[in-house]
Amino acid sequence: MAIHLRNATVFLCFYILALSVCVLGRPATFLEDFKVTWSESHIRQIDGGRAIQLVLDQNSGCGFASKRQYLFGRVSMKIKLIPGDSAGTVTAFYMNSNTDAVRDELDFEFLGNRTGQPYTVQTNIYAHGKGDREQRVNLWFDPAADFHTYSILWNHHHIVFYVDDMPIRVYKNSGRVPFPMNQPMGVYSTLWEADDWATRGGLEKIDWSKAPFYSYYRDFDIEGCPVPGPANCASNPRNWWEANTYQALSAMEARKYRWVRLNHMIYDYCTDKSRYPVTPPECLAGI
């Protein structure tokens, strides 16, 4: 059994039916669950630490990471991206096993653009060291005008990337392809310059006269099995994210998923025959 706690600052470990359960709820402040990993001077706490500002200038970008790793669950953050001319910048929010040869990683990368052009979100999945599974979607709203929620759901059945309540990507555990099952992952975010590839394949360079660039985060939400923690938490079928409701998209979610991909997807490695003459097997697994 696990508890789904959305609005409390808690760390609960308890015993029910001899099953130890460890569940994390939403922290009240950034520093409760996270630490700065890169350029502390470029991450500023706001509202008593309940929100943060990331800064990119010609001197440095910045990054942060969770203090713990997790095995299955859901992570989400509300992010407000760089307004105006953000070409050449990348704001990334991702999970990573912090291993080399057999890395598991689940990526949101927000690719900046010239003023008036849509923001692109790139997702990628590394499983057992194999990546190169990029998909790109143009966001259907201005992500710099207000906060939006970006989430990753990860259970034994699938991985789902959400933008607000819209699923934009599904990676099924079909049994035919590698799937992250055994390595815990930390939660990371960075703001950095990547104008050699980020905007129109590197054609649009960063305009440093517009610097500094800012992105904002709040409502840090990690709900999952922390590692180290009770050994049987990750395999506990009573965790809320393992329930039947979360093992596949609902009919409504499936309609939203198809709408996003039909109207806003601009690149899918599954259909890139120059890279993959034979369609990768995970692309045939459906949703």
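**Disulfides and sheet of a predicted model**

Me: Are Cys 225 and Cys 233 buried or exposed?
Reply: This is a predicted model, where local features need pLDDT (the predictor's confidence in each residue, from 0 to 100) of at least 70, side-chain atom pairs count only at pLDDT 80 or more, and totals for chains, interfaces and linings use all residues. Residues are numbered from 1 along each chain as its sequence is written, and side-chain values use heavy atoms, leaving out hydrogens and water. Buried means under 20% relative accessible area, exposed means over 50%, and partly exposed lies in between (1.4 Å probe, protein chains only). Cys 225 and Cys 233 are both buried.

Me: What is the handedness of the disulfide of Cys 225 and Cys 233?
Reply: A disulfide is a pair of cysteine sulfur atoms within 2.5 Å, and those of Cys 225 and Cys 233 are 2.1 Å apart. The torsion about their S-S bond is about -75°, so this disulfide is left-handed.

Me: How many residues apart in sequence are the parts that Cys 270 and Cys 283 tie together?
Reply: The sulfur atoms of Cys 270 and Cys 283 are 2.0 Å apart and form a disulfide. Cys 270 is buried at 11% relative accessible area, while Cys 283 is partly exposed at 22%. Both cysteines lie in the segment after strand 17, so the pair ties together parts whose separation in sequence is 13 residues.

Me: Which strands stand at the edges of the open sheet?
Reply: Strands (E, at least two residues) and helices (H or I, at least four) are DSSP runs, numbered from the N terminus, and two strands pair if DSSP finds at least two bridges between them. Eight strands form the open sheet in the order 3-6-15-8-9-10-11-17, with antiparallel pairing. Each edge strand has a single partner, so one side of it is left without a neighbour in the sheet; these are strand 3 (34-38) and strand 17 (265-268).

Me: Which residue in strand 11 stands opposite Val 121?
Reply: Strand 10 (residues 120-126) and strand 11 (residues 135-138) run antiparallel and are joined by four bridges. Opposite Val 121, in strand 11, stands Val 137.

Me: Over which residues does pLDDT stay under 50?
Reply: The chain has a mean pLDDT of 90, and 90% of its residues reach 70 or more. Where pLDDT is low, the predicted coordinates should not be read in detail. That caution concerns a stretch with pLDDT under 50, residues 1-22.

Definitions and conventions: Contact means heavy atoms within 4.5 Å.
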